[in-house]
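Open the model in a viewer and keep the selection panel at hand. The stops below cover salt bridges, cavities and backbone angles.

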Amino acid sequence: MPTTLVAIALIIVVAQLLGELAQRLQQPRVIGEIVGGIVLGPSLLGALVPGLEHQLFAPEVRSQLNLLGQLGLVLFMFLIGLELNPKLLQGRLPLASRITAIGVGLPLALGMLLALGLEAWQPVLFPGEHGLAAVLFMGTALAITAFPVLARILRERQLLSQPLGTLAITAAAIEDVLSWILLAIAVAASRSSTALGALVPLVGTAAWSAFLLVGLRPARVWLEQRYRQGHQLGPLLQVSLFGGALLSGAVTEWLGVHLIFGAFLWGLAMPRYQPLRRRLELRLDAVVLQLLLPIFFAISGLNTQIGSLHSPALWGAAALVLAVAVGGKFVGTWAVARCSGMAEKEAEALGWLMNTRGLTELVILNVGLEIGLISTELFTIGVLMALVTTVMAGPLLSRLGYQPAPARP
């Protein structure tokens, strides 16, 4: 137990320091926190002081950290569902839908083709006999846009209220939901050897979704009315709402999909009344974003082994994954935007914004590694791709004239 507490303290301090450094470099804070996880793993600490890394993150400590990280992941997915506002879809839905169709469809198709090629060229990247599930997973990993990171970039550059920002956040919201559906299909397929076996958990998850989003509507109305009248929620009710995210995650895990989908659906099922949503977010933000998510990043960092890319062929595969990820997402988004009449500058900015993957990519990669769809080598490649595609967004937006808001004195 003392070692676990020391490990947690170290994780939090490193995450906060590097998160602060990332902000000073005009990068999203999450970039520094992700790098903090890698720093504490075998890629840096393990390479410099292997004995210390093994002692701090011994198997029994890692199991405890993994449990806390999974808790943070569930509550974070609840927050993502809570942040998705259907009102975002009003006004620019037709254009956002077209951008989503090509912005997801093109990298999805290219990612699936890339997976087939990599499986033949570097079979070490895809362990086991998962076939279509691994191919679909790869396509999904390349098609995702990180809704939470994108929202923060837009807020930092005061674009949320601008036409470009509203279009980007609308398209990202649609892409987020679509990507989680694709991931659910990949997970269900990987856990079953037959098409029927994969269909059963998907049907069960669809039924659970209908229950939460439609069947619980009277409860949502009652909850919103109660908050409007008293402007507060009792501690017991708040804890019950957060516990509901864990229960919903347990249901989808039991159905054979993954616990993150249940937590995400529970967030979607919450009332859309802004003051209530904000109250729930404030109750979770400090614990989830400052304590539990850094632990999740640390677990991801322990699974990231840059030294595992020990051959030119594997680095070539990494370059290929990055090129397809960036090219497919940018070209698809930019082409639809230009064909829809957007100016060149705005179309380029939209393409770079939709390329941000950040934390959401990390969630997907951890799911793939956990269920055996990808190897540690491909997980490492994916983490590097997520970092690069998110880091590049800021400088490219600045080059186009979209500068971050000046820091307050």
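This is a predicted model.

**Stop 1: the end of helix 1**

Select R24 and show its side chain. R24 is exposed, at 66% relative accessibility. Now add E20, which lies four residues away in the same helix, helix 1 (residues 2-24), a separation of about one turn. The two side chains form a salt bridge, with an N to O distance of 3.9 Å. E20 has a relative accessible area of 36% and is partly exposed, because that value falls between the 20% and 50% cut-offs.

Keep E20 selected and add R29. A salt bridge joins these two side chains as well, at 3.4 Å from N to O. R29 is partly exposed, with 22% relative accessibility. Which residues make up the network of salt bridges here? Add E33 to the selection: E20, R24, R29 and E33 are linked in one such network. The count of salt bridges in the structure comes to eight.

**Stop 2: the loop after helix 1**

Move to Q26, in the loop between helix 1 and helix 2 (29-39). Most residues other than glycine have a negative phi. Q26 is not a glycine, yet its phi is positive, at about 60 degrees. Its relative accessible area is 44%, which makes Q26 partly exposed.

**Stop 3: the second largest cavity**

Q26 also leads to the next selection, as one of the residues that line the second largest cavity. Select Q26, Q27, P28, I153, E156, R157, T390 and G394 to show the lining. The volume enclosed is about 40 Å³. By class, the lining has four polar, two charged and two nonpolar residues.

**Stop 4: Q158**

From the lining residue R157, go to Q158, in the loop between helix 8 (147-156) and helix 9 (163-190). Q158 is another residue other than glycine with a positive phi, near 55 degrees. Is Q158 buried or exposed? At 55% relative accessibility, Q158 counts as exposed, because the cut-off is over 50%.

**Stop 5: the largest cavity**

The structure holds two cavities of 30 Å³ or more. For the largest, select F137, M138, A141, L142, V321, E361, L365, I374, L378, G382 and M385, which line the space. The elements that give two or more residues to this lining are helix 7 (132-143), helix 17 (358-370) and helix 18 (376-391). Which helix gives the most to the lining? Helix 7 does, with four residues.

About 60 Å³ of space lies in this cavity. Colour the selection by class: nine of the lining residues are nonpolar, one is polar and one is charged. E361 is the charged one and G382 the polar one, because Glu counts as charged and Gly as polar.

**Stop 6: a pair in helix 14**

Finish with R278 and E281, three residues apart in helix 14 (residues 274-303), about one turn of the helix. Their side chains meet in a salt bridge, with 3.2 Å between N and O. The two partners fall into separate accessibility classes: R278 is partly exposed, at 37%, whereas E281 is buried, at 9%. E281 belongs in the buried class because its value is under 20%.

Notes
Residues are numbered from 1 along each chain as its sequence is written. This is a predicted model: local features need pLDDT of at least 70, side-chain atom pairs count only at pLDDT 80 or more; totals for chains, interfaces and linings use all residues. Side-chain values use heavy atoms; hydrogens and water are left out. A salt bridge is a side-chain nitrogen of Lys or Arg within 4 Å of a carboxyl oxygen of Asp or Glu. Buried means under 20% relative accessible area, exposed over 50%, partly exposed in between (1.4 Å probe, protein chains only). On a 1 Å grid over the protein atoms alone, a cavity is a set of points where a 1.4 Å probe fits but cannot get out, and a pocket is an open set with protein on both sides within 12 Å along at least five of seven lines; lining residues have an atom within 4 Å of a point. Grid points are joined across faces, edges and corners, and a volume is the space filled by probe spheres set on the points.
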